[in-house]
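Q: Please take a close look at the salt bridges in this structure. Which side chains meet in them, and where do the partners lie along the chain?

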Amino acid sequence: QPSALWVAPLAQPQRAVRITDGAGDPHADSLGVSWTADGRLLYGSVASGNVDVWLMNADGSGRRQLTPDPAPDYKPSPAPDGRVVFASWRGGRSRIWDLDLESGEQHPLTRGRVDTYPQVSRDGRFLVYVSVGTDGRPLLWRANRDGGGAEPLDPRAASLPALLPLLPVLRLREREQRVEGMHHSWRNAEMRRRRLERGQQLAGH
């Protein structure tokens with residue numbers, strides 16, 4: 001049975017609103033869906049009769065097919081620079097591609113045997129994805145944003161990467177620095193207090 005996309009406030013999931021009719025989307029969960037920075041939805045769909053990447057507004061309006069290539073295109077993920085990365089079987093192998101939302105220009109980023117589940121780091125410097133080697137094991141890989149310098153992150157099999165947003169990490173580090181600064185201030189004050197006490201004791205003798 002075809003699935004549909006719904007949108008709901010996080011605090012009130014009972015107010016979910018259906019924004020697609022479900023026609024042509026029997027595998028929406030496996031083809032990928034994600035939010036862009038400006039509040040639009042990127043998703044994979046077979047609404048055109050082929051597996052492609054689509055874009056629409058949060059209310060389901062303004063649907064636009066982004067990848068008209070006959071090969072399957074899926075798992076879209078927005079990048080901080082306003083572009084989109086996705087997996088594609090063009091050329092007979094699943095590789096990570098890059099797409100410009102404005103011009104529609106597209107080009108491959110990776111050259112692995114089977115590369116999928118792409119994400120771009122929040123600072124825009126790195127591409128993280130899953131690559132399946134000749135032994136059939138999926139491994140997490142990292143490359144530069146342009147696909148260069150690709151290397152495995154860990155020798156253990158893994159899949160479905162999820163990147164931590166950069167801002168909370170920075171806030172956590174700032175908080176740790178503030179706590180460390182408070183500790184140093186307390187320690188310095190304690191040392192001054194002890195020196196003062198020792199001075200008063202010597203003066204009393």
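A: Buried means under 20% relative accessible area, exposed over 50%, and partly exposed in between (1.4 Å probe, protein chains only). The model is predicted, so local features need pLDDT of at least 70 and side-chain atom pairs pLDDT 80 or more, while totals for chains, interfaces and linings use all residues. Numbering starts from 1 along each chain as its sequence is written, and side-chain values use heavy atoms, without hydrogens and water.

Eleven salt bridges are present in the structure (a side-chain nitrogen of Lys or Arg within 4 Å of a carboxyl oxygen of Asp or Glu). One of them joins the side chains of Arg90 and Asp73, with an N to O distance of 3.2 Å. Its partners come from distant parts of the chain, 17 residues apart. Asp73 belongs to strand S7 (residues 73-78), whereas Arg90 sits in the loop that runs between strand S8 (83-88) and strand S9 (95-100); strands are DSSP runs of E, at least two residues, numbered from the N terminus. Asp73 has a relative accessible area of 0% and is therefore buried. Arg90 counts as buried as well, because its relative accessibility is 14%.

Arg83 takes part in a salt bridge with Asp100, where the closest N and O atoms are 2.9 Å apart. Arg83 is a residue of S8 and Asp100 a residue of S9, so this contact ties together parts of the chain that are 17 residues apart in sequence. Arg83 and Asp100 are both buried; for Arg83 the relative accessible area is 17%.

Arg83 also forms a salt bridge with Glu105, and here the closest N and O atoms are 2.7 Å apart. Glu105 lies in the loop between S9 and strand S10 (106-108), while Arg83 lies in S8, so this pair connects parts that are 22 residues apart in sequence. Glu105 has a relative accessibility of 35% and therefore counts as partly exposed, whereas its partner Arg83 is buried.

These contacts of Arg83 with Asp100 and with Glu105 can be placed in a wider arrangement. Arg83, Asp100 and Glu105 belong to a network of salt bridges that also links Asp81, Asp98 and Arg145. Within this network, Arg83 on S8 thus has one partner on S9, namely Asp100, and another in the loop between S9 and S10, namely Glu105.

Key. Helices (H or I, at least four residues) and strands (E, at least two) are DSSP runs, numbered from the N terminus.
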